[in-house]
Amino acid sequence: VFPSLAQAHASVANEVYQELGQPSVFLFCPTEYCSSLCSPSPSQSCYLQTIGQELLPGISVIWTGPKVVSQELSAALLEEVEGVLRRCPVIWDNLYANDYDCRRVFLGPYMGRAPGLMPRLHGMLLNPNCELQANFIPIHTLGTWFQNELGSCANPDNAGMEMAAALGDSRGPQEGSYSPQEALELALCDWVAEINQQALEPGR
């Protein structure tokens, strides 16, 4: 019926979106949802070009980054994705995901995401560890990163300082910049307090 898989996907997604009354949040996950799945690249992918052209503008598109589990996210990549999709992507961040390997649990801080990403994003989803309690630090440090991004958007003059900190400026983190180590220390303090509070509850 359809000349391509991309046109079939866009047609079905558009029909469902309209049938539901064009809700304010409607997420579409393409078959090519990261750079490593695109051939030869996101900007030259026929599939993504068709999705960008055919998908109604109110539909948000999910993207995981360079890989399914991306160690880093850059503004340059998001700009490329935005260009081909004709909209800012919703990042589906698998940094902490361990559903593919239950022996792996990531308890470190949110990191590897360049400063100044907020203007390139339509949203951010965090795919957590399968173990509920192991997600305190991931969610806490994501919150710290997000607050820093909001501050950067409100104060664009800080962009230079943010970049210097991200590149490991020897002068150390500047005021208002996101430091994964500092975010981790804040999260650990709050997590210990939470654990101690739970230990005092009756029946614990």
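**Glu79, its salt bridges and the nonpolar core**

Glu79 is partly exposed, with a relative accessible area of 44%. The model is predicted, and the values given for it are computed from its atoms.

The side chain of Glu79 meets that of Arg120 in a salt bridge, with an N to O distance of 3.8 Å. The two partners come from distant parts of the chain and are 41 residues apart. Glu79 lies in helix H3, while Arg120 sits in the loop between strand S3 (90-93) and strand S4 (123-126). Why does Arg120 count as partly exposed? Its relative accessible area is 27%, and the class called partly exposed lies between the limits of under 20% for buried and over 50% for exposed, so Arg120 falls into it.

Arg120 also forms a salt bridge with Glu82, here with an N to O distance of 3.0 Å. This pair, too, links distant parts of the chain: Glu82 is in helix H3, Arg120 is in the loop between S3 and S4, and 38 residues separate them. Glu82 has a relative accessible area of 23% and is therefore partly exposed.

How many salt bridges does the structure hold? There are 4. One of them joins Arg103 to Asp101, whose closest N and O atoms are 3.1 Å apart. The partners of this bridge belong to separate exposure classes: Arg103 counts as exposed, at 75% relative accessibility, whereas Asp101 is partly exposed, with a relative accessible area of 23%. Returning to helix H3 and the loop, Glu79, Glu82 and Arg120 form one network, joined by salt bridges that share partners.

The interior comes next. The largest nonpolar core has 30 residues, and Phe28, Ile51 and Leu55 are those with the most contacts inside it. At least two residues of this core come from each of the following elements: helix H1 (5-19), helix H2 (46-54), strand S2 (60-63), helix H3 (75-85) and helix H4 (136-154). Which of these gives the most to the core? Helix H3 does, with 5 residues. Helix H3 thus appears in both parts of this account, since it also holds Glu79 and Glu82.

Phe28 shows how the core is put together. Leaving aside neighbours within four places in sequence, the residues in contact with Phe28 include Ile51 and Leu55, which are also named with Phe28 among the core residues with the most contacts. The other contacts of Phe28 are His9, Ala13, Tyr47, Ile59, Ser60, Val61 and Ile62.

Terms used. Residues are numbered from 1 along each chain as its sequence is written. This is a predicted model: local features need pLDDT of at least 70, side-chain atom pairs count only at pLDDT 80 or more; totals for chains, interfaces and linings use all residues. Side-chain values use heavy atoms; hydrogens and water are left out. A nonpolar core is a set of buried Ala, Val, Leu, Ile, Met, Phe, Trp, Tyr and Cys residues joined through side-chain atoms within 4.5 Å. Buried means under 20% relative accessible area, exposed over 50%, partly exposed in between (1.4 Å probe, protein chains only). Helices (H or I, at least four residues) and strands (E, at least two) are DSSP runs, numbered from the N terminus. Contact means heavy atoms within 4.5 Å.
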